[in-house]
Each structure stands twice: as C-alpha cells, then as structure tokens.
Amino acid sequence: MAIEVEKLRTGGVYEAQAPLGSVLADVGEIDKAEQQFARVRKSRVGRGFLCLGAAVLGILVAVFAEALILVGVLLAIGGVICAVMVWISAYRYGRNLKTYRWRFELLGRLGASLEQDSDPKAPVTVSMGLKDRGRLLKEEIWPARKRGKQRFSEDDWLAIEGRFQDGTQFTETVRELIRRRTYVNPRGKSKVKCRSWHFISIRLSCPKDLYGELRPLEEGLKKTLRLPASATVRGLKVGGKAVALKVRVDQAAELPQANVMMYLGLYRALNLARQLQGRQK
Amino acid sequence: MIPSDWTCPRRIGFLFPHPCGRSSPVGCPECQNGQIEDPYAQRTDREGYDNYGDYDSADWPGAASAAGAPGEPLDFTEADGENLVKPEEEFEGDLTES
C-alpha cells in the first residue's frame with residue numbers, strides 16, 4: 001500500500017487497514033520519506049545562503065556604486081528577507097517526521113515482532129500520530145519557581161488492533177503524557193522544561209475454548225512479568241477470557257523493548273493456560 | 001528428496017508456537033535449512049524471558065491449583081506442547097484423521 005507522503009508531511013497522521021506485512025512496508029516508506037525531507041531541508045538551507053550572498057552583494061553595490069545605491073539597498077533588504085523565509089521553511093519542512101522518528105521506529109519494531117504470529121488473512125488497523133496532537137489536560141501555577149507555570153497535555157499517538165493466528169484479538173494504545181514547565185531563573189532568564197511519560201495499554205481477548213479460564217493466572221502474571229528499568233505496571237486485569245495490561249515507561253528509548261516484553265509476558269501466561277486447558281480436554 | 005506433499009512439522013513463532021507448514025526446509029530462516037530442531041523453543045531473542053517455556057509452580061499457584069496439583073512442578077510433556085501447536089478443533093475438523 002503506497003503512503004501519501006504529502007498528506008503525511010502536512011497532516012502528520014498515518015492510518016492503515018492492511019496486513020501487518022504491508023504496514024511494515026509502509027514504515028519503510030515513511031523512513032524513506034523522512035530522508036527525502038531531510039534532503040529538501042538541506043537544499044533549502046543552501047538556498048538561504050544564496051539569498052544572503054545576494055544581500056551582501058547588494059550592500060557592496062550600495063557602498064561602492066553611488067549611482068546604484070537604491071538597487072543595492074533593495075537587493076540587500078530583499079536578500080535578507082528571502083534568506084530568513086527560506087531558512088524558516090527549511091526548518092519546518094517535514095519537521096514532524098524528524099521529531100517523531102522514534103514513533104514510527106517503535107511501530108516498525110513492534111510490527112516485526114507481532115508479524116511472526118499475526119493472522120496473515122486478518123488486516124490490522126493502525127492509527128499513528130506523527131505530530132504533536134496533545135490535548136490540554138490542565139494548566140496551573142507552579143509555586144516552586146518564580147513566575148512558574150506548568151501545563152499537562154496528553155497525546156494518544158498510537159492505536160493498533162488486529163488478530164493473531166490463534167484467534168486472539170489484540171488492541172494496543174500508546175499515550176504520551178507531557179508536562180511543560182516555564183519559569184524565570186534567578187538571573188532573570190525565561191526557561192522551559194519538558195518531560196514525558198508514556199503509557200502502553202494492551203488488551204488480549206482470547207478464544208475461550210482454546211485458553212479456558214484465565215483468572216487463575218493473575219497472581220503468576222504479576223510475579224513473572226518482566227519489564228525494562230524505567231517501566232512500571234500501572235494496571236493488570238485478568239478476566240474470564242481477556243487480559244489487559246497497562247505500563248508506564250519513563251524513558252522513550254525503552255518503549256520498543258517494554259512494548260515487546262509486555263506481549264511476551266502476557267503470552268507466556270496464555271501459553272500456560274492453553275496447556276492446562278489441553279490437559280482438561 | 002523431499003516429497004511434494006511434505007509440510008514442515010516444526011514449531012515456529014515468537015509469542016506462541018504454531019506449525020511451520022513450509023513445503024521445504026531449504027532456505028528457511030526459522031530452522032536454517034533444517035539445522036534447528038525446534039525453532040520456537042530455541043529462540044534467543046525474547047528479551048528478559050530466557051526461560052519462556054518453563055514454569056515454576058511457586059510462581060503460578062493459581063495455575064497449579066487449576067491443574068489439580070498445587071505445590072507440584074508444572075512439568076509439561078511432549079503431548080502438552082503438541083496441544084499448543086494444534087488446537088483440538090483442528091483435529092475435529094480434519095475428517096481424514098482416524
């Protein structure tokens with residue numbers, strides 16, 4: 001499935017309903033698009049320098065050729081304006097893909113792991129935000145610092161849903177909680193500090209005849225679940241035929257690892273349930 | 001010489017085992033040309049889960065009770081492993097069996 005590069009650049013959203021293999025191919029395309037955008041940015045920076053060169057030329061003309069002083073001044077002013085505009089456009093062009101590269105890298109790594117067990121006939125539904133779509137949660141005074149303010153926002157940037165070969169339906173969402181603090185330091189300078197936390201929620205809904213009752217697994221799951229250092233379990237629900245796990249990850253670099261480990265931990269318990277169910281039949 | 005109707009009986013998979021089903025082991029990335037006997041069990045890329053297929057009954061008290069053997073090790077046999085690969089309904093659906 002070909003991705004619409006321009007829509008991705010301006011809209012910052014990737015949506016698909018396709019087999020996981022096709023989604024992985026799309027992730028490769030997004031990576032290529034990001035590299036293409038980087039080349040465009042670089043070329044625009046170069047054009048900005050050309051405009052600046054024209055401005056310098058204009059200054060020289062104005063200084064050394066009295067008859068052409070007006071032309072020189074106009075060239076200098078126009079050159080500077082053009083350079084600034086081109087540099088701003090270079091900075092902004094496809095910036096969202098550069099900033100959120102880690103997001104599609106996470107989707108790529110997750111997809112590569114899940115593809116091995118996903119049902120090739122069942123399409124997965126993916127929605128991934130590649131720009132800041134944060135919703136403001138609250139804004140308040142931060143009394144710890146002079147003129148301190150803090151605002152919290154959340155961004156549900158990934159939703160993925162599909163089916164594994166064993167008939168289990170999986171649903172995953174990833175939410176980023178962002179805290180942005182602004183204050184004035186003792187030297188009178190304005191400062192901004194941002195911090196993010198990531199919440200991964202996974203729900204597996206299993207075929208009852210294959211896995212039987214899942215509730216006896218809850219204690220074992222709590223004991224044996226392994227996660228990276230910056231990840232902590234925020235919720236675990238084991239129902240009759242479904243299990244849901246929510247984990248907070250403090251370091252974005254550990255997100256892909258935490259994500260895969262969550263699936264491994266859950267499925268290790270499910271494999272046990274399936275073997276016990278097999279014994280009882 | 002591999003028979004034309006041969007399908008690979010090995011277990012593959014990352015999260016759970018399922019039949020390989022390839023028609024030839026030649027060039028297979030899972031068993032590496034038939035060199036790996038059980039590609040599912042012998043994987044080494046499950047981060048943090050070196051003992052993915054082993055269960056200690058002390059960690060899984062509820063499951064041990066459900067199995068009717070509280071306190072005893074949750075040791076599974078080849079037949080239990082087979083059940084993971086081929087769910088029972090597949091056997092029932094295959095009328096050519098038995």
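In this predicted model, 25 residues of chain B and 29 residues of chain A make up the contact between the two chains. On the side of chain B that touches chain A, α1 (61-66) and α2 (78-85) of chain B are the elements that give two or more residues. The biggest helping there is from α1(B), which puts in five residues, the largest share of that side. Sorted by class, this side of chain B holds 14 nonpolar residues, along with six polar and five charged ones.

Next come the scores. The model gets an ipTM of 0.83 and a pTM of 0.85. For chain B, the mean pLDDT is 74, with 66% of the residues at 70 or more. Among the elements of chain B, strand β1 (residues 11-12) comes out highest, with a mean pLDDT of 92, while helix α3 (residues 88-93) sits at the bottom with 38. Over residues 87-98 of chain B, pLDDT stays under 50, and the model has four contacts beyond four places in sequence for this stretch. Where pLDDT is low, the predicted coordinates shouldn't be read in detail.

Then there is the matter of nonpolar cores. The largest one has 60 residues, and A:M262 and A:L266 are the members that touch the most others. Helix α8 (residues 255-280) of chain A chips in the most to this core, with 13 residues. Leaving aside residues up to four places away in sequence, A:M262 touches A:I200, A:I202, A:L245 and A:V247. There is also a second, separate core of six residues, among them A:A55, A:L75, A:A76 and A:V86. In soluble globular proteins, nonpolar side chains do tend to be buried together.

Notes
Residues numbered from 1 in each chain as written. Chains lettered and ligands numbered in written order. Predicted model: local features only at pLDDT ≥ 70, side-chain atom pairs only at ≥ 80, totals over all residues. Core = buried A, V, L, I, M, F, W, Y, C linked by C-beta atoms within 7 Å. Buried ≥ 20, exposed ≤ 12 C-beta atoms within 10 Å, placed from the backbone. Helix = DSSP H or I, 4+ residues; strand = E, 2+ residues; numbered from the N terminus. Contact = placed C-beta atoms within 7 Å. pLDDT = per-residue confidence, 0-100. Nonpolar A, V, L, I, M, F, W, Y, C, P; charged D, E, K, R; others polar.
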